[in-house]
Amino acid sequence: MNFLKNINWTNSLCRRAGLVLAGALLFILALTTHAPKSSADKDDSSSKKPAESSSQQQISFDTVYVKLNNDEFNNTGLIALDNKDMHIAPDGADFVSIYSYLFNAKGDMIMTTGSTNICGIKEMFEQLNLMISDFSAQTGLKTIMVRNAAYRVDDKVYKSQFDIPDDKSKQGDTAKTEDDGKSSDGCYEHLLGLAVDFQLYEADKGTYPDYTGEGQYAWINENCYKYGFVLRYPADKTDITGVEAKKNHYRYVGKQYAQIMHENNLALEEVYAFLQKYTFEKPLTVQSESGSQYIFYYVKKDKDNTSTTVPMPQGSDGGKTGTVSADAQGGLYMCCDISQLTSQQAPQQESQTSQTQVQKTE
Ligand SMILES: [Zn+2]
């Protein structure tokens, strides 16, 4: 099962619905309102009234409607949960080995691994590589060792185990009996291919100290969200995660969700309720440090049908991984990059970017 679903625009039922003032972006500064362009095929029945505001600018965009198969979106996506209550068993078909991600752009090895059989989602390893490359450049340290992720042997994915048995058949038995979903480190979710554990390897001493995220390593906790990672089991969230504090277990949720979790001090279990407050008409808007703008909104599945029709800004990055996540209770969580839309439809903003702040809608 590939749980990072992409929206397939070709097969989806897309319907241009004319220009819709979605009230998606509310800017604090009273910039000159960008007049929406007229649309010959405007469909009044699908238009939405803009949110009323005298001092905030609204950015308009066209809306498309995408039909999502309800069965395909069930506890999937970057914020999929695998915890004591919820287990997922991906087949690992889209997993890659960690090996080629151990080197920086110059070809220097910037981290090590407990096993080259460690595997995970490619996007996670790409961002891990960038994060540790930057960490290494900042500190001069090349001591991070990726201890656990998932393991892939003979095209089967097993739960992480540092002391992986040599006997592969025995390894399979081990995986089968671990049906409580926990990895050897007591964590869940390694099997998703979206989590890594760190250890340290001090090559000059030949020692393997524990990773605590302290000292020079504090850089990682301070900056990991910029690369899409969060410390999954922090000490102040044990009652919510149900897992004792882990200083070395990082979960990849993508930059956009990581930023939300970082800014609002949310555990992954808390992200769902947090985002359910936002709708397509009144989404959460977030600006990344790189300047990209995103909207987040929640759509409840249509339980009376096999699919759910979901509104999206036309031209947003709806085809990219991570745009749609789903919980197991019938909720869809949309994340759309609208940077291109604002630059195309409101070019005058580019010159005023430095004066503009995005306000989170409440
Ligand atoms: Zn772990």
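Which residue stands opposite Gln287 in strand 15? Gln293 does. That pair belongs to strands 14 and 15, and we return to them below. First, some orientation.

This is a predicted model. The protein has 362 residues, and 42% of them count as buried. Its secondary structure consists of seven helices and 18 strands. Many contacts bridge long stretches of chain. Among contacts with a separation of 6 or more, 72% join residues 24 or more positions apart.

Confidence comes next. The average pLDDT is 74, and 66% of the residues score at least 70. Two stretches fall well outside that group. Over residues 8-57 the pLDDT stays under 50, although the model has 95 contacts there beyond four places in sequence. Residues 345-362 also have a pLDDT below 50, with 30 contacts beyond near neighbours in sequence. Read the contacts of these two stretches with their pLDDT in view.

Now the sheet. Five strands form an open sheet in the order 6-8-11-13-12, with mixed pairing. Strand 6, residues 112-113, and strand 12 stand at the edges. Each has a single partner strand, so one side of each is left without a neighbour in the sheet. At one edge, strand 6 pairs with strand 8, residues 144-148, in the parallel sense over two bridges. Thr112 has Met145 as its bridge partner in strand 8.

Strand 13 has antiparallel partners. Three bridges join it to strand 11, residues 195-200, and the two run antiparallel. Val196 stands opposite Tyr250 there. Strand 12, residues 229-231, also pairs with strand 13 in the antiparallel sense, again over three bridges. In this pairing, Phe229 has Tyr252 as its bridge partner.

Which way do the residues of strand 13 point? His249 and Arg251 point one way, and Tyr250 and Tyr252 point the other way. In a regular strand, side chains alternate between the two faces of the sheet. Strand 13 spans residues 249-252, and His249, Tyr250, Arg251 and Tyr252 are all buried.

Next, the core. The largest nonpolar core has 81 residues. Phe229, Val230, Val253, Phe296, Leu332 and Met334 touch the most other members. Where does this core lie relative to domain 1 and domain 2? Domain 1 (15-75 + 267-355) and domain 2 (95-252) both give residues to the core, so it lies between them.

Val230 gives a local view of the packing. Leaving aside neighbours within four places in sequence, Val230 is in contact with Cys224, Tyr225, Tyr250, Arg251, Val253, Ala258, Met261 and His262. Tyr250 and Arg251 in that list point opposite ways from strand 13. Val253, another of the contacts of Val230, is also among the core residues that touch the most other members.

Helix 1 is next. It covers residues 122-139, which makes 18 residues. From its first C-alpha to its last it reaches 25 Å, close to the 26 Å expected at 1.5 Å a residue. Its buried residues are Glu123, Met124, Phe125, Gln127, Leu128, Asn129, Met131, Ile132 and Phe135. Gly140 follows helix 1 and has a positive phi, near 80 degrees.

Positive phi values also appear at residues that are not glycine. Asn75 is one, with a phi of about 50 degrees. Asn75 lies in the loop between strand 4 and strand 5. Is Asn75 buried, partly exposed or exposed? It counts as partly exposed, because it has 17 C-beta neighbours inside 10 Å. Asn265 likewise has a positive phi of about 50 degrees without being a glycine. Its place is the loop between helix 5 (255-264) and helix 6 (268-275). Asn265 has 10 C-beta neighbours inside 10 Å, so it counts as exposed.

Asn74 shares a loop location with Asn75: it lies between strand 4 (61-69) and strand 5 (95-97). Asn74 is partly exposed, with 18 other C-beta atoms within 10 Å. Its partners come from far along the chain. The C-alpha atoms of Asn74 and Gln329 are separated by 8.0 Å, although the two are 255 residues apart along the chain. Beyond neighbours within four places in sequence, Asn74 is in contact with Ala326 and Ala328.

Finally, back to the opening pair. Strand 14, residues 284-287, and strand 15, residues 293-300, run antiparallel and are joined by four bridges. Gln287 and Gln293 stand opposite each other in this pairing. The two strands form a hairpin with five residues between them. In the turn, Gly291 has a positive phi of about 100 degrees.

Methods: Residues numbered from 1 in each chain as written. Core = buried A, V, L, I, M, F, W, Y, C linked by C-beta atoms within 7 Å. Buried ≥ 20, exposed ≤ 12 C-beta atoms within 10 Å, placed from the backbone. Domains from an automatic or database assignment. Contact = placed C-beta atoms within 7 Å. Pairing = 2+ DSSP bridges. Expected span 1.5 Å × (residues − 1). pLDDT = per-residue confidence, 0-100.
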